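Biologist: I am new to this one. Please show me the structure, and then I will ask about its contacts.

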There are 2 protein chains.
Amino acid sequence: MAVTIADIAREAGVSIATVSRVINNTKPVSSDLKNRVFDIIEKNNFKPNELARGLITKKTNIIGVIVPDISNSVFGALIKGINIVCSKKGYTLMVTESGGDINNEIKLLDVLADKKIDGILFAGINVNHKLITEMQTKDYPVILVTQEASDGEGIMDTVVHDNIKAVYDATKFLIDNGHKRIAYIGGPKIDYSSGKKRLKGYKLALEDAKIKLIDSLIEQGEFSFQAGYLGMKKMYEENSVLPTAVVTGSDIIAMGVIQFLTGAGVNVPDDISVIGFDDLEFSTYFKPELSTVRISYFDEGAIAANELIKIIDGENITPQTHYVPHKIIRRSTIKNIN
Amino acid sequence: MAVTIADIAREAGVSIATVSRVINNTKPVSSDLKNRVFDIIEKNNFKPNELARGLITKKTNIIGVIVPDISNSVFGALIKGINIVCSKKGYTLMVTESGGDINNEIKLLDVLADKKIDGILFAGINVNHKLITEMQTKDYPVILVTQEASDGEGIMDTVVHDNIKAVYDATKFLIDNGHKRIAYIGGPKIDYSSGKKRLKGYKLALEDAKIKLIDSLIEQGEFSFQAGYLGMKKMYEENSVLPTAVVTGSDIIAMGVIQFLTGAGVNVPDDISVIGFDDLEFSTYFKPELSTVRISYFDEGAIAANELIKIIDGENITPQTHYVPHKIIRRSTIKNIN
DNA sequence: TTCTCCTTGGAAAAGGTTTTCCTATCTGTT
DNA sequence: AACAGATAGGAAAACCTTTTCCAAGGAGAA
């Protein structure tokens with residue numbers, strides 16, 4: 001049988017209340033007594049039962065995390081960032097996987113609620129209105145990370161990278177390197193998804209540079225190697241004149257694109273330049289080494305966790321969107337054709 | 001205020017005990033009454049407080065996970081496998097990261113105990129005697145995964161791949177392809193670590209094929225790209241006659257090896273064949289496509305989780321080591337020189 | 001000296017369940 | 001008709017804390 005606070009109280013010859021006060025330092029106790037109690041606690045290796053404690057304090061020091069895919073390295077980095085700050089501040093993580101399915105996400109919101117978590121960090125694929133209203137009925141704080149809410153700006157506290165700006169910068173980087181005929185192969189066209197935002201960044205950059213948009217130079221599909229390969233293949237077959245550069249929605253897509261190109265006898269970067277997105281650890285090892293937009297999902301996680309803990313601690317914070325900076329990383333897949 | 005079981009009892013005009021029985025189906029209740037209570041529960045969206053419940057049943061339906069590195073894709077796959085079966089069986093995961101540090105691991109064992117988890121899945125780097133004894137003082141079951149205990153075979157229930165056999169097979173595969181001068185570049189030489197086991201598999205295979213061991217063809221270091229690169233570099237510089245094939249301790253190491261080789265003008269696989277270990281998703285995208293030993297960390301996680309839940313459910317299981325099968329995957333980095 | 005206020009500590013309620021005893025009713029058997 | 005045994009439900013203890021309310025004693029002020 002585990003030792004309880006009552007055992008300590010008995011052995012110290014004081015009341016249970018006093019022991020509790022010593023532990024939590026919640027009311028003055030004479031230092032003599034305090035030391036005696038501490039010694040007895042130490043000796044018996046007593047640890048307060050966190051279930052009993054949570055039952056009354058309504059705090060568990062557990063933070064829930066919902067991600068679409070645990071084994072995806074993007075979310076691996078995110079969770080690592082979250083964990084670094086949470087563990088430092090005495091929180092433990094409850095990690096769940098939604099598969100990106102909204103019904104699953106809603107269910108997980110409840111599963112975690114039942115565990116009495118203190119708050120949730122939510123990484124969704126498509127954070128739509130239904131999801132938002134669902135979150136707002138809960139009695140714990142939720143912070144969006146990785147992905148903004150589809151509408152209702154300013155309602156949810158959010159930590160993301162600026163998808164529009166990032167792809168804008170990537171595209172502009174290619175333009176600055178002399179490219180004019182620039183293709184885009186990106187993620188799915190779900191409303192308000194990051195895929196859509198990234199496409200917008202691409203369009204904006206072309207617009208600002210007064211470059212005309214060519215529909216046949218835009219492909220959208222999954223965030224996968226396969227989709228990159230197929231997207232590039234389609235574009236290759238349907239266009240008599242190829243682009244000189246392609247902006248992609250992720251490193252994985254970029255790799256698929258390059259795979260096709262190389263197989264088709266098109267040299268990267270001599271014939272076509274390619275830029276990825278994310279900067280996976282692996283992108284350095286890829287041949288040719290992938291130029292990309294570096295996103296620190298680790299930082300996103302850390303910042304979001306910090307923000308959530310502030311809210312849990314009762315700081316009154318007005319919801320806002322925090323942008324974590326991105327950075328263009330030049331490696332071997334971009335050629336300056338100026 | 002959340003609705004409690006007392007509220008339901010009052011509204012139904014029955015005792016709290018009855019409501020509890022209806023919920024848990026723990027004693028016969030007339031079906032009329034049962035339906036009435038269920039309706040009221042539904043209407044009020046009542047969910048039993050899991051803290052209060054856990055306090056008395058001593059069960060939380062939480063499983064703790066300890067891994068060295070959350071963002072490492074090996075552990076990502078492991079956790080995904082664990083989660084698939086746990087979530088299906090009504091358990092939620094509490095994931096923690098140890099950094100592979102033993103003191104941290106010991107601390108986490110307690111942190112999770114304080115959360116009253118029902119059991120732990122432990123993936124360590126070096127599961128030594130100290131750790132084992134520590135685990136055995138706890139009042140929850142622990143299953144080792146990914147990594148066996150250093151000594152005391154048969155004490156801990158364990159789910160791993162057979163490191164010795166896997167590298168043995170990899171080495172033998174090269175031998176069968178006509179190679180005789182085979183190098184090994186693997187993980188660190190910590191006692192009882194997987195690195196050491198893999199080296200043993202390599203040695204055994206050579207021995208069985210009556211091939212003499214050459215010390216200068218063995219390098220051990222971190223499980224990293226860098227270490228692979230440097231290990232191969234050292235070997236390249238110190239040996240006047242190069243190996244025709246190299247067995248590596250991981251895909252990442254293999255990539256480092258190939259990177260160096262390619263840079264030094266040595267062609268893979270024409271001049272030197274290389275085999276990796278793990279079969280990361282990425283190894284297909286690597287150029288040349290990496291031959292490797294496929295380990296399913298996903299399966300390891302799933303099997304281990306199943307095993308743990310059995311134990312939690314009270315099945316009396318004698319500790320044993322479960323081996324999940326591996327598989328040689330031939331891609332483009334091995335040449336048959338027969 | 002008397003009164004007030006602060007300090008230290010205890011008793012018991014509260015938090016929300018499950019479970020152990022009981023009791024009363026009903027069914028079926030002889 | 002009488003009795004055993006099954007069935008249905010309630011009261012209260014138990015799980016282990018924190019916290020509220022109260023009391024006693026001591027210090028300082030008038």
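The questions below go from the DNA contacts to the contact between the two chains.

Biologist: Which residues come nearest to DNA strand D?

Modeller: This is a predicted model. There are 31 residues around DNA strand D. Sugar and phosphate make up 55% of the strand's atoms that come within 4 Å of the protein. The nearest residues are I5(A), R53(A), T18(B), R21(B) and K27(B).

Biologist: Which residue has a side-chain N or O atom 2.8 Å from a base oxygen of DNA strand D?

Modeller: Phosphate oxygens have polar partners on both chains. A polar side-chain atom of R53(A) lies 2.8 Å from one, and a backbone N or O atom of S30(B) lies 3.0 Å from one. For the base oxygen, the residue is R21(A).

Biologist: Which element gives the largest share of the surface near DNA strand D?

Modeller: Helix 2 (16-24) and helix 4 (50-57) each give two or more residues in chain A, and so do helix 2 (16-24) and helix 4 (50-57) in chain B. By class, the surface has 15 nonpolar, 9 polar and 7 charged residues. The largest share is 5 residues, and the element is helix 2 of chain A.

Biologist: How much area is buried between chain A and chain B?

Modeller: Chain A brings 42 residues to the contact and chain B brings 41. Carbon and sulfur atoms give 63% of the buried area. The total is about 3,800 Å².

Biologist: How many salt bridges cross the interface of chain A and chain B?

Modeller: One of them joins E50(A) to K115(B). Their closest N and O atoms are 3.0 Å apart, and a salt bridge needs such a pair within 4 Å. Polar contacts are counted too, at 12 residue pairs. The number of salt bridges is 8.

Biologist: Which element gives the largest share of the side of chain A that touches chain B?

Modeller: Several elements of chain A give two or more residues, among them helix 4, helix 5 (73-88), helix 6 (102-114) and helix 11 (251-263). That side has 19 nonpolar, 10 polar and 13 charged residues. The largest share is 6 residues, from strand 2 of chain A.

Biologist: Which residue of chain B stands opposite L93(A)?

Modeller: Strand 2 of chain A pairs with strand 2 (residues 92-97) of chain B. The pairing is antiparallel, over 3 bridges. Opposite L93(A), in strand 2 of chain B, stands V95(B).

Conventions: Residues are numbered from 1 along each chain as its sequence is written. Chains are lettered from A and ligands numbered from 1 in the order in which they are written. This is a predicted model: local features need pLDDT of at least 70, side-chain atom pairs count only at pLDDT 80 or more; totals for chains, interfaces and linings use all residues. Side-chain values use heavy atoms; hydrogens and water are left out. A residue is near a molecule or strand if one of its heavy atoms lies within 4 Å of it. A polar contact is a pair of N or O atoms within 3.5 Å; within protein, one must be able to donate a hydrogen and the other to accept it, and residues adjacent in sequence count only if both atoms are side-chain atoms. Helices (H or I, at least four residues) and strands (E, at least two) are DSSP runs, numbered from the N terminus. Ala, Val, Leu, Ile, Met, Phe, Trp, Tyr, Cys and Pro count as nonpolar, Asp, Glu, Lys and Arg as charged, and the others, Gly among them, as polar. Contact means heavy atoms within 4.5 Å. Buried area is the accessible area (1.4 Å probe) that two parts lose on being put together, summed over both. A salt bridge is a side-chain nitrogen of Lys or Arg within 4 Å of a carboxyl oxygen of Asp or Glu. Two strands pair if DSSP finds at least two bridges between them.
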